[in-house]
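Dear colleague,

Please find below the structure that I am handing over to you. My notes on what was found in it follow directly after.

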Amino acid sequence: MYWHQKDIDTVIAELDTSRKGLTSKKAGKALKQYGPNALIEKKKRTPFVMLLDQFRDFMIIVLIMAAIVSGFIGELTDTIAIIVIVALNAIIGFVQEYRAERAIAALKQLSAPVAHVIRDGESINIPARQLVPGDLVILEAGNIIPADLRLLEAVQLKAVESALTGESESVEKHIRSIHDELLPIGDRKNMVFNGTSVSYGRGSGIVVATGMETELGRIATMLQEEEEVKTPLQKRLAVFGQRLAVIVLVICAVVFGFGLLRGEPPLLMLLTAISLAVAAIPEALPAVVTISLALGAKKLVRQNSLIRKLPAVETLGSVTFICSDKTGTLTLNKMSVEEIYVNGQMLKRTQLNEKHDRIEQKPALVTFLRSIALNNDVRVGSDGNIIGDPTEIALYAISREHGFVKDRLEKQFPRTYEIPFDSDRKCMTTIHKWSHDTWVSFTKGAVDVLMQKTDNILTSDGAGYIDNDEIQRVHNRMAADGMRVLGVAMRIWKQLPEDITAEAVETNLTLLGLAGMMDPPRPEAIEAVQLCKTAGIRPVMITGDHPITAHVIAKRMGIIEEGSKAVITGRELKKLPFEDFEERVERLSVYARVAPEQKLKIVKALQDKGHFVAMTGDGVNDAPALKRADIGIAMGITGTDVSKESAHMILLDDNFATIVKAVKEGRRIFDNIRKFIKYTMTSNSGEIWTIFLAPFFGLPIPLLPIHILWINLVTDGLPGLALAAEPAEKEIMSRPPRHPKESIFAHGLGSHILWVGLLMGGVSIFSQAWAIKTGHENWQTIVFTVLCLSQMGHVLAVRSEKESFFTMGVFSNMPLLGAFVLTLALQMATIYVPYLNPIFKTKPLTPSELVFTLVLSSVVFCAVETEKYFRRKQRS
């Protein structure tokens, strides 16, 4: 049996304590048995080990080897560039991992430093670390609860448990046993938990769990056991790097071998093969990835998304499921009166607004709005914010909207007495001076309780017959629509009773009406849900709220369809074997009343099915799931430090629509990384084909090592980096997410690299053959220029998978245009600046030769634009 199922005497007996707490001797013995009341961290990696781990990535190892080879052949510029890129990546990765280690430290800060206990029959304060099971802890408003307690006394005691449950409303506590075994934490109302706080009342409780055995400790354990999963980009680039290294080594060996067979000088062929190896490795790729992610993260901050772990930016584009909290993310986190039932009529909020000018002509409605303004404990703070219970704030807001302002009404009808709300009566009453010789009492509370206290109902003609069955039908319908329903009643007093008690005052009442309230969906979140569906992403709602409310909100938002059964409760989930749950998980869209470990279960089940999962959360309870998810998204406004430290991304406005904007940005970034790979690998392919095929046509080696390394430096550098600034494609959110196991070469990228690279090589060899045949001594300069400028034409053409370069506009990516002009200028400098001719082994081209190279260089651009034209024709 769980502690909440046991009665107090059983708890006392099992823990060998008493209603006066422990003796110091027993406490000392228990401290040795159970250990200190503290969260224990597992051994952490040292910063040095973290830094070393950044160099274990296969792509990084390949780059380090390329740097060594570049240094060996005297190309120090390449060596320095590669070292800077590798160091930058290592620093960024180290900083992210070091920050991620702080989640447990943030969890520790939730624990109370001091506990007020009864020891040896005396009331004392002790360090919370010294608490043991069996200790009697005294609780007062404002206290942080130092351990998990089974309550012994609860006087109007309320606790804020949002950090553990995700639900923001205070929970009213009692001391009765609860026999249901499968209760979520939020429903264990005879217990309070470590790290939560007392918001109202007072009480006491027996410590039943300390340290890692508390609910907070269980979360710390899950947080430390959960490994972060690699991002899709990290997985794809690792595979890409391994395959590329093998391919490059094979090609270089073949080029070297063929050169020797043709009788070329061994040293020249060795340098050519090594230069080709360095050129074939896209050393700018990590820099492009890092810069793309950094620029994306900077842009996302302006859209209210703070990226904590840089690879997460791209991962957003791979997301197939977004599991979101309901309260505050999908909804406004603000209770609102949606419907009012007065004088036999149901009035929606919109209808009330339409009839605003005519309200004074409806006496029953006037009395109702006046009553909910006066029977209300909210107050306006010095900063203008409304402070109070969310339900009362909603009632205050609707009455104020229609001219019934509490402060003004209280001057006219001053409050003389009040009977506060309590959970047994489920009512609250205030008494006001009504005229010089009469008083009025207003009572609001649960409809079923209020019905037992009323004799009649207020109509436009005064008090009339009350049809209890009709009221019950209205109440049931509003509740079925996911609303919290309150009834309001009144009574006029000629003379007040001697004892102002609930029994004396809350009787013979006249029902004024019912108010139906809910936390409504965010309008922009409804649009975002539809955009998710268009983009092939499945939105899923996870809430601690009741299943009926969850179902209604999900239906209103379009997460589920009418009559859908894609809803499951935490209780049902607990009974369901994991294998059966995995079989159903892709069809479920709403989870209600879930526990923290169940969020983790949902993430793991979806990941086991091959999905990339984004999970939102704000509480301590969400931290393990946030860490495990492919994208953990913490709330910036309501989120705890623990959830933020565990997350990959923080929503600064707690808004679901912001996640969808971030998904769009993630897709754009991956598209641009793919465009860079497409561009740079095609360029490298063109260089390899040029050198590899020339001997088969009886031609000398077309390029010297300096030419290969120069082309690699100027074309892979700035133009490739400028692709990171490319705007999003028009249809980016109208296509499904990438398949989680999809290769980086999917959708024709691999074949494009081959055929365009072959075309590039063919054009270069053609220019070489023509120049040699027509007696041009500077044929090597012509080949060098054709190959370099062909790559420049290619970079303009690959800006979009389908759209024409001319449709997109020449000036829509200014960094790329600037890089293009600069690269062209540098290439011309190698040809026409006399000082550079001996370095690059070039000769100035005549005007006709230059025109020939420019025309030939445009062939690749025209071919790729033609390919895109046929793609557009196929699509239409």
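Among the elements of the protein, strand S6 (residues 191-192) has the highest mean pLDDT, 96, and helix H6 (residues 103-108) has the lowest, 55. As these values imply, this is a predicted model. The protein averages a pLDDT of 86, and 92% of the residues score at least 70. Where pLDDT is low, the predicted coordinates should not be read in detail.

I turn next to the open sheet. This sheet has 8 strands in the order S8-S26-S25-S24-S9-S21-S23-S22, and the pairing is mixed. Strand S8 (305-307) and strand S22 (567-569) stand at the edges; each has a single partner strand, so one side of each is left without a neighbour in the sheet. From one strand to the next, the twist averages 20°. Within the sheet, strand S21 (residues 538-543) pairs with strand S23 (residues 590-592) in the parallel sense, over 3 bridges. Ile542 has Tyr591 in S23 as its bridge partner. Helix H28 (residues 656-693) packs on this sheet and touches S8, strand S9 (321-325), S21, strand S24 (613-617), strand S25 (631-635) and strand S26 (649-651). The direction of H28 makes about 155° with that of S9.

A further set of pairings involves strand S7 (residues 197-209). Strand S3 (residues 136-140) pairs with S7 in the antiparallel sense over 5 bridges, and Glu140 stands opposite Arg202 in S7. Strand S4 (residues 148-160) also runs antiparallel to S7, to which it is joined by 10 bridges. Here Lys158 has Tyr200 in S7 as its bridge partner.

Lys158 appears again in the surroundings of Glu172, a residue of strand S5 (residues 171-172). Which residues does Glu172 contact, leaving aside its neighbours within four places in sequence? They are Leu157, Lys158, Lys189, Phe421, Asp422 and Ser423. Glu172 and Val795 are 623 residues apart in sequence, and their C-alpha atoms are 65 Å apart in space.

Two helix pairs remain to be described. Two packed helices are described by the angle between their axes and the distance between the axes.

In one pair, the axes of helix H15 (residues 363-374) and helix H16 (residues 390-401) come within 8 Å and cross at roughly 135°. Angles over 145 degrees count as roughly antiparallel and those from 65 to 115 as roughly perpendicular; H15 and H16 are therefore oblique to each other. The crossing of H15 past H16 is left-handed. Leu369, Ile372 and Ala373 in H15 meet Leu395, Ile398 and Ser399 in H16. By class, the residues of this contact are 5 nonpolar, 1 polar and no charged.

In the other pair, helix H32 (residues 779-797) and helix H36 (residues 847-875) have axes that come within 8 Å and cross at roughly 30°. Angles under 35 degrees count as roughly parallel, and H32 and H36 are therefore roughly parallel to each other. Their crossing is right-handed. H32 contributes Ile782, Thr785, Val786, Leu789, Ser790, Gly793, His794, Leu796 and Ala797 to the contact. From H36, the residues in the contact include Phe852, Leu856, Val860, Phe861 and Val864, as well as Glu849, Glu865 and Lys868. The contact of H32 with H36 has 11 nonpolar, 6 polar and 3 charged residues.

With kind regards

Definitions and conventions
Residues numbered from 1 in each chain as written. Predicted model: local features only at pLDDT ≥ 70, side-chain atom pairs only at ≥ 80, totals over all residues. Heavy atoms only, no water. Pairing = 2+ DSSP bridges. Helix = DSSP H or I, 4+ residues; strand = E, 2+ residues; numbered from the N terminus. Axes fitted to C-alpha atoms, helices over the stretch in contact; angles between N-to-C directions. Contact = heavy atoms within 4.5 Å. Left-handed = near helix turned anticlockwise from the far one by under 90°. Nonpolar A, V, L, I, M, F, W, Y, C, P; charged D, E, K, R; others polar. pLDDT = per-residue confidence, 0-100.
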